[in-house]
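Please open the structure in a viewer and keep the sequence panel visible. This tour proposes a series of selections and states what is found at each one.

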Amino acid sequence: MTQHDAIVVGTGFAGLYMLHRLHAQGLNAIVLEQGSDVGGTWYWNRYPGARCDNESLGYSYSFLPDLDQEWSWPERYSEQPVILRYLNTVADRLDLRRDIRFDTRVEAARFDEQSSTWAVSTAQGETLTARYLVMATGCLSVPNWPEIPGRDDFDGDVLHTALWPHEDYDFTGKTVAVIGTGSTAIQSIPKIAEQARTLTVFQRTANHCVPAQNMPMDPEVEAERKAHYPEIRAKSRLTRSGDFVPQGEVTLMALSSDKQQRILEDCWQQGGFYTQYPFNDVLTDPNANAIVTAFSHDQIRKRVKDPAVAELLCAKDHPFGTKRLCADTNYFETYNLDHVHLVNLKSTPIKAITASGIRTSARDHEVDVIVFATGFDAMTGALTSIDIEGRDGLRLRDKWAEGTRALLGVAMNGFPNLFTVTGPGSPSVMINVVPAIEQHVEWIDRCIDWMEQRGAQTIEPEARAEDAWVEHVNETANATLFPQANSWYMGANIPGKPRMFMPYVGGLGDFRRRCDEIADEGYSGFAVT
Ligand code: NAP
């Protein structure tokens, strides 16, 4: 059994930064990673068109000012290979690889009360122990394979966007089915259509979507950013979204109808999540939301030639932005191509997968390849798929059976010295996730340092403090329109998963202040031995 001060699981943005901070403290830390290289979500999600829809200039670490100056992001939104290259550069520059063990999947973690240590067992048959365990396993890392009868009977190729092959997959001359129309599908469908002989998209729910307006990086914008990076980074740490675009300055319902249209046109012109940020009432006031929804539907009707297809592509079953907003490049125009077809699963559901394709209630669709763009067991999947056992035999799966419970999304009562980066109850996926990760990692780092300085043995949330935080997270979400959508934020995409809005919608700035206060107060709400 190998003993460490800390074990970190995962080498995405979170795991790499955590290891760097633990190195700086002089702790003996190791990172376990199931992939064969660093990158986390950017290592696995290699599907055609994979790209970040947070702007490149804000989707990077804030603690590497030299790299900020040296690095050039080629486009407004970065493609997956560029982000993966960035993370590899960081891993090399900070000399992190020496403490990363690749191809190592964590299967179980058990807290031993006698020694106050975690024993972590891997699928490779090893057990490692440490005083601190940090789960940097990501919010979107366990692929969702829907239970469709006959899935294993299909004779052709089956791909999942979140487990894409490392070599290019050539769709040329193939008849292709894509199941799903979330962010991933919306990025990959136009790219797959460029190669496929025919492409049939199986849509259960249309999603709200804004134009990405991706473009090559404007050298002036880049130079301006590089000149002011430190100030912009410092400001972004205190905004709601962790990003630098203007936010919450406009009350849509306070404007005249003409002004509303002009501002929405400007938003669509700017593209990306800028569309959401200027408003302070779109996610709380159904009337404001209906105006944006109507505007967005009109844009789809202008872009899609067949009116019946355009109607199917308009999201109507949930308010604008209450499922993760998608950002598109040529998505809607793709349906104007003769070889691209849309199947509405609401009227003709999938009945089975057969040897030759997909059977809906209306007919059989024969295809060579099925692409599952069906998302993830989000927020909790990566944690509950590991058998985590805390004090008194309490299993995390059981603790969360009725819904997630955690203090600040970073620690759980019953699980001493276990930390989760961007866990449920933190801003995580509601904002630019890199600043969210940095905030959590820095808080965990400070907490571990504090423990070490005092010679403390364990820290864990008190039940009362955890309950109060969960209540606050719920109240904050219930004041918005978010709970109205059957989203993965709500756990609604996985059959049987408890329905609860998991992330914290209070924004990064206030969350950071609250977390810092708790640390300043000597970790109030936490029990320390
Ligand atoms: P997703 O948003 O969960 O979408 C999954 C799609 O699969 C939905 O359209 C869903 O339909 C459909 N689906 C699931 N099970 C199905 C079934 N049994 N039958 C038919 N359809 C089914 O997943 P995603 O597109 O992979 O995106 C997940 C998240 O990853 C995003 O929301 C985003 O946060 C992140 N992401 C980010 C980027 C980026 O930054 N550029 C890109 C991609 C993904 P229903 O809606 O009806 O359930």
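A cavity is a set of grid points where a 1.4 Å probe fits but cannot get out, and its volume is the space filled by probe spheres set on such points. The structure on display is a predicted model.

**First stop: the largest cavity**

A search of the whole structure finds eight cavities of 30 Å³ or more. Begin with the largest cavity, which holds about 140 Å³ of space. To find its position, select G58, R233, S236, G242 and P435, the residues that lie nearest its centre among the 17 that line it. Next, colour the helices α6 (219–236) and α13 (433–454), each of which supplies at least two residues of this lining. The greatest contribution comes from α6, with four residues. Sorted by class, the lining of the largest cavity contains six nonpolar, six polar and five charged residues.

Now give domain 1 (2–142 + 377–528) one colour and domain 2 (151–228 + 238–372) another. Why is the largest cavity said to lie between the two domains? Both domains give residues to its lining, so the cavity is placed between them.

**Second stop: the second largest cavity**

Keep the domain colours and select E55, V245, F273, Y274 and Y277. These residues lie nearest the centre of the second largest cavity, which is lined by 13 residues. Its volume is about 80 Å³. Which classes of residue make up this lining? Six are nonpolar, three are polar and four are charged. Domain 1 and domain 2 both contribute to the lining of the second largest cavity, so it lies between them.

**Third stop: the ligand**

Display the ligand together with the 23 residues around it. Of these, R51, D53, T181, T184 and T205 come nearest. Three of the contacts can be inspected one at a time. An N or O atom in the side chain of D53 is 2.8 Å from an oxygen atom of the ligand. For T181, it is a backbone N or O atom that lies 2.8 Å from a ligand oxygen. At T184, an N or O atom of the side chain is 2.6 Å from an oxygen atom of the ligand. Taken alone, the ligand exposes 900 Å², and the protein buries 88% of that.

Which element gives the largest share of the shell around the ligand? Select α5, which supplies three residues. The shell as a whole divides into nine nonpolar, nine polar and five charged residues. Return to the domain colours: domain 1 and domain 2 both give residues to the shell, so the ligand lies between them.

**Last stop: the second largest pocket**

Finally, select R46, Y47, P48, G49 and D168. Among the 19 residues that line the second largest pocket, these lie nearest its centre. Two elements give two or more residues to this lining, namely α4 (80–93) and α5 (183–195). The most is given by α5, with four residues. About 400 Å³ of space lies in this pocket. Its lining has nine nonpolar, four polar and six charged residues. Here too, domain 1 and domain 2 both provide lining residues, so the second largest pocket lies between them.

As a closing view, show α5 with both the ligand and the second largest pocket: this helix gives the largest share of the ligand's shell and the most residues to the lining of that pocket.

Terms used
Residues are numbered from 1 along each chain as its sequence is written. This is a predicted model: local features need pLDDT of at least 70, side-chain atom pairs count only at pLDDT 80 or more; totals for chains, interfaces and linings use all residues. Side-chain values use heavy atoms; hydrogens and water are left out. On a 1 Å grid over the protein atoms alone, a cavity is a set of points where a 1.4 Å probe fits but cannot get out, and a pocket is an open set with protein on both sides within 12 Å along at least five of seven lines; lining residues have an atom within 4 Å of a point. Ala, Val, Leu, Ile, Met, Phe, Trp, Tyr, Cys and Pro count as nonpolar, Asp, Glu, Lys and Arg as charged, and the others, Gly among them, as polar. Domain bounds come from an automatic or database domain assignment. A residue is near a molecule or strand if one of its heavy atoms lies within 4 Å of it. A polar contact is a pair of N or O atoms within 3.5 Å; within protein, one must be able to donate a hydrogen and the other to accept it, and residues adjacent in sequence count only if both atoms are side-chain atoms. Accessible areas come from the Shrake-Rupley method with a 1.4 Å probe; for residues, only the protein chains shown count as cover.
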